[in-house]
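User: I should like a close look at a single part of this model, followed outward to whatever it connects with. Please keep the account formal and tied to the structure itself.

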Amino acid sequence: MHETDMTKALILTMKDWYESQPEKPQIEKIHLIVGQFTCVEPISLKFAFEIQTRNTFLEGVELIIKDVPLIAFCHSCQQEYKPQIGLQYSCPDCKSPMEDIRSGRELKIDHIEYSSLKKQVTSNLS
Amino acid sequence: MHQTFNAAIELNLLHANQEGANHNRTHFDEWGITCLNLMSSPGAGKTVLLEKTLAALQDKLSMAVIEGDMTTELDADRLRQYNVPVIPINTGRSCHLDSKMVAGGIHTLKQEYDPETIDLVLVENVGNLVCPAEFEVGEHAKVALLSVTEGEDKPLKYPVMFQEADCLLISKIDLAPYLDIDLERIAQNVRQMNPDVKIIYVSAQTEVGLNLWFDWLLTQVQNNSLVTTT
């Protein structure tokens, strides 16, 4: 369950941002980008986020996860291809190994949506 | 009036762990230590490999072990017999070591031993093919183990671990004759996503291949000390 640790990292990053804001905004949505060639399962991440943000300034915030497919570039064929995770990673045409990953390793907080209408919230994150 | 705004964050979720790992590596470099991160599923043979390594190389290298174990000190007790510093890290319910836990181990190493005299720190990660692959701890190279009893499809199913490995030890090869397994197929499956990985077939039981592993290890220490002292 390393999604729990990822969520902790996410909460700490958001806390830093929140505290750096002069007027405490109401965060509404957090947009994440999660590549398919990572060890993160979006459903587990959403579940962990919901549980771990209870009674914090992030309670009720919507987590939106954009899944990014694994795309590799074959230098022999000079073209991109989509490896089949779990089955085959080498180039389907020339069988060259997957060496150049163009996308699918992302694991980042992309952006957030917030409003300036502050609701009464308490943060008990320590 | 309700108005929403956007703020770009663009920060990796593992940013804090990565910074911690870089910090750990800086310490290792200052002390002239090479650090290797050993990863595999539970029971692939990490601890016995360490036992054989500590026994065989104790005259050539000064070694220490940082031992990740979920709740026990069973593995650490096995390794203490070899008279090297063994620093246990109980990861609690976490399924992998992270850079903060290893920083704790480095702190103990500094308090209780003389890190300047150590050449090699072997980090034994928690047995797990998934999570440890995402959490760098400050190592100079990653070593993955895959035992022949696990099946040749595991690199395809757990690709991140095998894609990141610098060295893959295919362990328990003394059992291969009793199994329906194609050793070459394991290597092919890994090379599909990691063509440059060093693959060594070993058996801790019969000691087949261990010399190749020791050679690889000594080369890592040598190359790393060349890099960090120049």
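In what sense do β1(A) and strand β2 (residues 62-68) of chain A pair, and over how many bridges? Please start from that pairing and describe the surroundings.

Analyst: The model is a predicted one. In it, β1(A) and β2(A), the latter covering residues 62-68, pair in the parallel sense over 7 bridges. One point of reference within this pairing is A:K29, which stands opposite A:E62 in β2(A). The connection between the two strands passes through helix α2 of chain A, residues 42-52. The resulting β-α-β crossover, from β1(A) through α2(A) to β2(A), is right-handed.

β1(A), which spans residues 26-35, also pairs with β6(A), here in the antiparallel sense and over 8 bridges. Two pairs of residues help to locate this pairing in the view: A:H31 stands opposite A:H111 in β6(A), and A:I33 stands opposite A:K108 in β6(A).

From β6(A) the pairing continues into the other chain. Strand β6 of chain A, residues 107-115, is joined to β1(B) by 7 bridges, and these two strands run antiparallel. Within this pairing, A:Y114 has B:F5 of β1(B) as its bridge partner. Taken together, the strands form an open sheet of 4 strands in the order β2(A)-β1(A)-β6(A)-β1(B), and the pairing is mixed. The edges are occupied by β2 of chain A and β1 of chain B; each has a single partner strand, so one side of each is left without a neighbour in the sheet. On average, and with direction ignored, neighbouring strands of this sheet are turned by 20° against each other.

The contact between the chains takes 33 residues from chain A and 30 residues from chain B. On the chain B side, β1 (4-12), α5 (154-157) and α6 (159-164) each supply at least two residues. The largest share of that side, 9 residues, comes from β1(B). By class, the residues of chain B that touch chain A divide into 17 nonpolar, 8 polar and 5 charged.

The crossover helix α2(A) has a helical partner within its own chain. The axes of α2(A) and helix α1 of chain A, residues 3-20, come within 9 Å and cross at roughly 55°. The two helices are therefore oblique to each other, and their crossing is right-handed. From α1(A), the contact is made by A:E3, A:T4, A:M6, A:T7, A:K8, A:L10 and A:I11, and from α2(A) by A:S44, A:L45, A:A48, A:F49 and A:Q52. This contact of α1(A) with α2(A) has 6 nonpolar, 4 polar and 2 charged residues.

Chain B also contains a sheet with another strand order. Here 7 strands form an open sheet in the order β4-β3-β5-β2-β6-β7-β8, with parallel pairing. Its edge strands are β4 (86-90) and β8 (198-201) of chain B, each of which pairs on one side only. Neighbouring strands of this sheet are turned by 20° against each other on average, direction ignored. Within the sheet, strand β3 (residues 63-69) and strand β5 (residues 120-124) of chain B run parallel and are joined by 5 bridges; B:E67 stands opposite B:E124 in β5(B).

Helix α4 of chain B, residues 99-112, lies across β3, β4 and β5 of chain B and runs at about 150° to β4(B). Another helix, α1 of chain B, residues 15-31, packs with α4(B) at an angle of about 25°, with the axes 8 Å apart. That angle makes α1(B) roughly parallel to α4(B), and the crossing of the two is left-handed. In this contact, B:N17, B:G20, B:A21, B:N24 and B:H27 of α1(B) meet B:S99, B:K100, B:V102, B:A103 and B:I106 of α4(B). The residues of the contact divide into 4 nonpolar, 5 polar and 1 charged.

To return to the starting point, β1(A) pairs in the parallel sense with β2(A) and in the antiparallel sense with β6(A), while β6(A) is joined in turn to β1(B).

How values were computed
Residues are numbered from 1 along each chain as its sequence is written. Chains are lettered from A and ligands numbered from 1 in the order in which they are written. This is a predicted model: local features need pLDDT of at least 70, side-chain atom pairs count only at pLDDT 80 or more; totals for chains, interfaces and linings use all residues. Two strands pair if DSSP finds at least two bridges between them. Axes are lines fitted to C-alpha atoms, for helices over the stretch in contact, and angles run from 0 to 180 degrees between N-to-C directions. Two residues are in contact if their C-beta atoms, placed from the backbone, lie within 7 Å. Ala, Val, Leu, Ile, Met, Phe, Trp, Tyr, Cys and Pro count as nonpolar, Asp, Glu, Lys and Arg as charged, and the others, Gly among them, as polar. A crossover is right-handed if, with the strands pointing away from the viewer, the path from the first strand over the helix to the second runs clockwise. Angles under 35 degrees count as roughly parallel, over 145 as roughly antiparallel, 65 to 115 as roughly perpendicular and the rest as oblique. A crossing is left-handed if the near helix is turned anticlockwise from the far one by less than a right angle, and right-handed if clockwise.
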